[in-house]
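Q: I would like to learn how to read the charged side chains in a model. Could we work through one together?

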Amino acid sequence: TKDLLDEYKKKKISWQEYENEYRRIMINRGAVEDFINKYLHKSHICLLCSEATAHYCHRRIFSELLQEKIPNLKVIHL
């Protein structure tokens, strides 16, 4: 959410707190299952973000959630 990202950017919460809350939100919303149902039939999927690396990025967190559901999923961070 915008509020969650703002809290992290304003240093009101740590990256670990952001990551934990982001995971909780995605799980509670059923976002991973929705994503799988919508896109699993595709051969290649690209998640985009403006962060320079995947370490401090929501796309990495989301891809890890996907890998928990699809263990053989291959993720490549460009």
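A: Gladly. This is a predicted model, and a good place to begin is the charge count: the protein carries 14 positive and 11 negative side chains, with the centres of the two sets 5 Å apart.

Q: What is the fold that carries these charges, read along the sequence?
A: The pattern is α-α-α-α, with 4 helices and 0 strands in the protein. The C-alpha atoms fill a box of roughly 40 × 30 × 20 Å along the principal axes. Of the contacts with a separation of 6 or more, 53% link residues 24 or more positions apart.

Q: How many of these charges end up in salt bridges, in terms of a count?
A: The general idea is that side chains of opposite charge can pair when their charged atoms come close. Here, a side-chain nitrogen of Lys or Arg has to lie within 4 Å of a carboxyl oxygen of Asp or Glu, and by that rule there are 7 salt bridges.

Q: Let us take a pair within one helix. How far apart are the closest N and O atoms of D6 and K2?
A: They are 2.8 Å apart, and the two residues form a salt bridge. D6 and K2 can be placed on helix α1 (residues 2–9), where they sit 4 residues apart and so are separated by about one helical turn. As for surroundings, K2 is exposed at 61% relative accessible area, while D6 is partly exposed at 22%.

Q: Where does the spacing of 4 residues come up again, for R60 and E64?
A: In helix α4, where R60 and E64 are separated by about one helical turn. Their side chains meet in a salt bridge, with 2.9 Å from N to O. R60 counts as buried, with 11% relative accessibility, and E64 is partly exposed at 25%.

Q: Which helices hold the partners E68 and R23?
A: The side chains of E68 and R23 meet in a salt bridge at 3.2 Å, N to O. E68 belongs to helix α4 (residues 58–69) and R23 to helix α2 (residues 15–29), so this pair ties together parts that are 45 residues apart in sequence.

Q: Is R23 buried or exposed?
A: R23 is buried: its relative accessibility is 18%, and the cut-off for buried is under 20%. Its partner E68, in contrast, is exposed at 52%. Across the protein, 31% of the 78 residues count as buried.

Q: Which residues are linked in a network of salt bridges?
A: The network links E19, R23, R60, E64 and E68.

Technical notes. Residues numbered from 1 in each chain as written. Predicted model: local features only at pLDDT ≥ 70, side-chain atom pairs only at ≥ 80, totals over all residues. Heavy atoms only, no water. Helix = DSSP H or I, 4+ residues; strand = E, 2+ residues; numbered from the N terminus. Buried < 20%, exposed > 50% of the residue type's maximum accessible area, 1.4 Å probe, protein only. Contact = heavy atoms within 4.5 Å. Lys, Arg positive; Asp, Glu negative; His and termini not counted. Charge placed at Lys NZ, Arg CZ, Asp CG, Glu CD.
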